[in-house]
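Colleague: Could you take me on a close look at one part of this model, the largest cavity? I would like to know what lines the largest cavity and which elements supply that lining.

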Amino acid sequence: MTIVHSRVDFGAFLAPWHLPTSDAHFSIQHDLELVEHLDRLGFAEFWMGEHHSGGVEIIASPELFVAAASQRTKQIKLGLGVVSLPYHHPFLLADRLVLLDHLSNGRMIFGAGPGQLADDAKMIGIDPMDNRRKMEESFAVINRLLAGETVNEDTDWYTCRDAYLHVAPYTDFQVAVTATVSPTGPKLAGRFGAGILSLAATNPVGVELLANHWQIAEEIAAENGKTVRRDEWRLTGIMHVADTEEQARADVRHGLLELMNYLSHITPGFEASDDLDGLIDNINESGLAVIGTPEMAINQIRRLQEKSGGFGKFLVLHGEWAPTHAALRSFELIAQQVAPHFNGDLASRKRGFDQTVNSNRAAADITQAGQEEAQKRFEAERTIKTH
């Protein structure tokens with residue numbers, strides 16, 4: 001497949017996944033420190049999810065987290081990844097988005113999804129089978145409100161009566177919708193000209209649907225007079241790297257097996273295992289994840305480019321797979337050794353380096369000649385003054 005968009009920026013996507021034996025307060029503070037770390041490293045985006053059950057994905061409000069993170073960071077974009085639309089009245093959510101746009105000085109990205117954990121929906125009396133339908137209804141209303149419309153609408157789960165936003169957004173902030181295997185996400189993205197957040201991009205099933213999802217989004221966008229942009233298409237995948245593959249495998253003994261077994265109960269494509277080495281072999285070979293080296297990570301991004309035709313952002317699905325120091329080192333290696341292959345930095349740097357080392361010491365010879373000429377002038381000046 002022809003790659004029509006070659007630049008890729010990097011970010012992180014957190015559910016977040018923490019070991020149930022880790023202290024919740026410590027884990028939340030760790031996530032805040034991680035976004036600061038990524039901001040210093042120059043990562044483009046950081047996304048935080050919404051969950052209310054399971055004991056592992058412990059952030060109940062990505063809006064609150066992003067508000068706190070916005071006060072501790074300078075440039076990184078902060079994504080709501082994602083707000084579960086069926087859990088919220090669309091008018092109140094739209095009003096909170098406007099506030100968060102102001103609080104973050106325009107660095108907030110609105111990510112919308114149907115909600116994943118069935119127990120979240122059940123505890124508030126929602127049938128999980130209705131979530132995708134309700135997401136579409138809510139997303140349409142939120143877009144109308146953000147566009148400045150007054151909305152009147154009655155449904156089986158919310159009412160809007162002469163509803164309008166009395167405070168305007170600070171910016172025309174980006175909006176993205178989740179996509180996994182079903183066409184719901186690409187369809188909504190096309191209808192509203194929104195970005196796509198492909199959460200199953202490395203899933204052996206999902207990766208084969210990437211090109212089709214983009215085609216759906218483009219076709220529906222054209223039918224609705226909208227456009228979708230590949231630089232606003234975000235692909236996600238698990239990625240932990242170290243200086244050697246052996247070190248990466250050792251790092252994830254901390255929590256990968258337990259957390260992947262948890263995910264097997266809620267996420268299609270994740271299988272339970274009692275053998276960590278076998279699990280790593282399987283997810284590396286299938287392309288579901290990268291547990292290894294920067295070179296393996298580079299190959300993964302190139303594979304995704306070929307499958308998709310090109311996308312704008314790769315978000316590392318980050319969990320408590322490894323100890324804190326190893327996780328921070330992994331992101332450092334991604335920033336230092338993986339990102340330059342895709343953000344345009346490496347080619348120009350290599351051109352400058354090659355031009356210099358292949359010049360047969362031209363620069364050194366010129367410098368030496370200049371130094372010798374300066375010495376001769378100095379000696380000539382001193383000779384004139386002493387006579």
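Modeller: Happy to! One term before we go inside: a residue is called buried when its relative accessible area is under 20%. By that cut-off, 51% of the 387 residues of the protein chain count as buried. Please keep in mind that this is a predicted model.

Here is the setting. The protein chain has 14 helices and 11 strands, and its C-alpha trace spans about 105 × 55 × 45 Å along the principal axes. About 18300 Å² of the protein chain is exposed, with 51% of that area supplied by carbon and sulfur atoms. If we take contacts between residues at least 6 apart in sequence, 74% of them join residues at least 24 apart.

Now to the part you asked about. The structure holds 1 cavity of 30 Å³ or more, and the space in the largest cavity comes to about 50 Å³. Its lining is made up of M239, H240, H318, G319, W321, A322, A327, S330 and F331.

Three elements each give at least two residues to that lining: the strands β9 (233-241) and β11 (313-319), and the helix α12 (324-338). Of the elements, α12 provides the largest share, with 3 residues.

As for chemistry, the lining of the largest cavity counts 5 nonpolar and 4 polar residues, and no charged ones. Glycine is counted as polar here, so G319 falls in the polar group of the lining.

Methods. Residues numbered from 1 in each chain as written. Predicted model: local features only at pLDDT ≥ 70, side-chain atom pairs only at ≥ 80, totals over all residues. Heavy atoms only, no water. 1 Å grid on protein atoms, 1.4 Å probe; cavity = no way out; pocket = protein on both sides within 12 Å on 5 of 7 lines; lining within 4 Å. Points joined across faces, edges and corners; volume = space filled by probe spheres on them. Helix = DSSP H or I, 4+ residues; strand = E, 2+ residues; numbered from the N terminus. Buried < 20%, exposed > 50% of the residue type's maximum accessible area, 1.4 Å probe, protein only. Contact = heavy atoms within 4.5 Å. Areas by Shrake-Rupley, 256 points an atom, 1.4 Å probe, with all protein chains shown as cover.
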